[in-house]
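I set out to record what I looked up in this structure, entry by entry. The notes follow the order in which I consulted the model.

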Amino acid sequence: MSSIGKSHLVIMFTVGADDVAEGDRLFASHGEFMKGHTREGDVGLLEYSVSKGPELSNPMDPNSEPTGKTIFVIDEYYESPAGIARHWEDTSGNWSEMSSAAPAWFAKATIATLHNGTAVQAL
């Protein structure tokens with residue numbers, strides 16, 4: 001399946017060493033929640049992944065020294081922008097962590113988000 005033209009949501013969370021375990025816990029919970037997303041129609045979730053790794057002192061040099069922080073990356077593709085909108089509604093209303101532990105963890109993180117990007121190249 002090509003992702004060209006599909007709606008793309010990417011969020012990067014950068015946290016200190018003391019917050020990695022909570023990130024692992026939250027993303028395990030989020031992954032379970034995501035299993036309930038529809039995979040069909042205009043709001044369909046097409047792909048979902050979470051990855052993590054060390055933040056580097058020079059982000060464009062893979063051989064640079066780690067800073068001691070960890071970056072979590074959540075990457076989601078939807079059939080259309082309606083899928084991303086539906087995801088935010090579902091997350092707010094149906095993922096219990098969003099009204100409990102997640103906001104406190106988010107407040108400790110540096111966050112960069114691509115909301116509703118459109119895939120323009122894919123291999």
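**Entry 1: Ser3.** I looked up the contacts of Ser3 and, leaving out residues up to four places away in sequence, I found Tyr77, Ala119 and Ala122. Ser3 belongs to the segment before β1. I note that the model is a predicted one. The relative accessible area of Ser3 is 8%, which is under 20%, so I entered Ser3 as buried.

**Entry 2: the largest pocket.** I next turned to the largest pocket, which holds about 200 Å³ of space. I recorded 16 residues in its lining, and those nearest the centre are Ile11, Phe13, Trp88, Met98 and Phe106. I then asked which elements supply at least two residues of this lining. They are β1 (7-15), α1 (20-34), β3 (66-78), α2 (81-94), α3 (101-108) and β4 (110-118). By residue class, I entered eleven nonpolar, four polar and one charged residue for the lining.

**Entry 3: aromatic pairs.** I looked up the ring pairs and obtained a count of eight aromatic pairs. For Phe13 and Phe106, the ring centres lie 5.4 Å apart and the planes meet at 20°; the angle is under 30 degrees, so I listed the pair as stacked. Because Phe13 lies in strand β1 and Phe106 in helix α3, this pair ties together parts that are 93 residues apart in sequence. I also noted a cluster in which ring pairs link Phe13, Phe27, Phe72, Trp105 and Phe106.

**Entry 4: Phe13.** Is Phe13 buried or exposed? Its relative accessible area is 5%, so I entered Phe13 as buried. Phe13 is a residue of strand β1. Neighbours within four places in sequence aside, I listed the contacts of Phe13 as Phe27, Thr70, Ile71, Phe72, Ile74, Trp105, Phe106, Ala109, Thr110 and Ile111. I also looked up one backbone separation: the C-alpha atoms of Phe13 and Phe27 are 11 Å apart, with their positions 14 residues apart along the chain.

**Entry 5: Phe106.** The partner in the stacked pair, Phe106, is in helix α3. I entered Phe106 as partly exposed, since its relative accessible area is 24%. Its contacts, with neighbours within four places in sequence set aside, are Phe13, Met98 and Ile111. Of these, I had already noted Phe13 and Met98 among the residues nearest the centre of the largest pocket. I further recorded that the C-alpha atoms of Phe106 and Ser7 are separated by 23 Å, the two residues being 99 residues apart along the chain.

**Entry 6: the largest nonpolar core.** I asked which members of the largest nonpolar core touch the most other members. Among its 19 residues, these are Phe13, Val15, Phe27, Phe72 and Trp105. β1, α1, β3 and α3 are the elements that give two or more residues to this core. The most comes from α1, which gives five residues. I then looked up Val15 by itself: beyond its neighbours within four places in sequence, Val15 is in contact with Val20, Lys69, Thr70, Phe72, Trp105 and Ala109. Two of the other core residues named above, Phe72 and Trp105, are thus contacts of Val15 and also contacts of Phe13.

**Entry 7: Thr110.** I continued to Thr110, a residue of strand β4. Its relative accessibility is 54%, which is over 50%, so I entered Thr110 as exposed. Neighbours within four places in sequence aside, Thr110 is in contact with Met12, Phe13 and Thr14. The C-alpha atoms of Thr110 and Thr14 are separated by 5.1 Å, although the two residues are 96 residues apart along the chain.

**Entry 8: Asn116.** My last entry concerns a backbone angle. Most residues other than glycine have a negative phi. Asn116 is not a glycine, yet I found a positive phi of about 55° for it. Asn116 is in strand β4. I entered Asn116 as partly exposed, because its relative accessible area is 34%.

Terms used. Residues numbered from 1 in each chain as written. Predicted model: local features only at pLDDT ≥ 70, side-chain atom pairs only at ≥ 80, totals over all residues. Heavy atoms only, no water. 1 Å grid on protein atoms, 1.4 Å probe; cavity = no way out; pocket = protein on both sides within 12 Å on 5 of 7 lines; lining within 4 Å. Points joined across faces, edges and corners; volume = space filled by probe spheres on them. Helix = DSSP H or I, 4+ residues; strand = E, 2+ residues; numbered from the N terminus. Nonpolar A, V, L, I, M, F, W, Y, C, P; charged D, E, K, R; others polar. Phe/Tyr/Trp six-rings, centres within 6.5 Å; stacked < 30°, edge-to-face > 60°. Buried < 20%, exposed > 50% of the residue type's maximum accessible area, 1.4 Å probe, protein only. Core = buried A, V, L, I, M, F, W, Y, C linked by side-chain atoms within 4.5 Å. Contact = heavy atoms within 4.5 Å.
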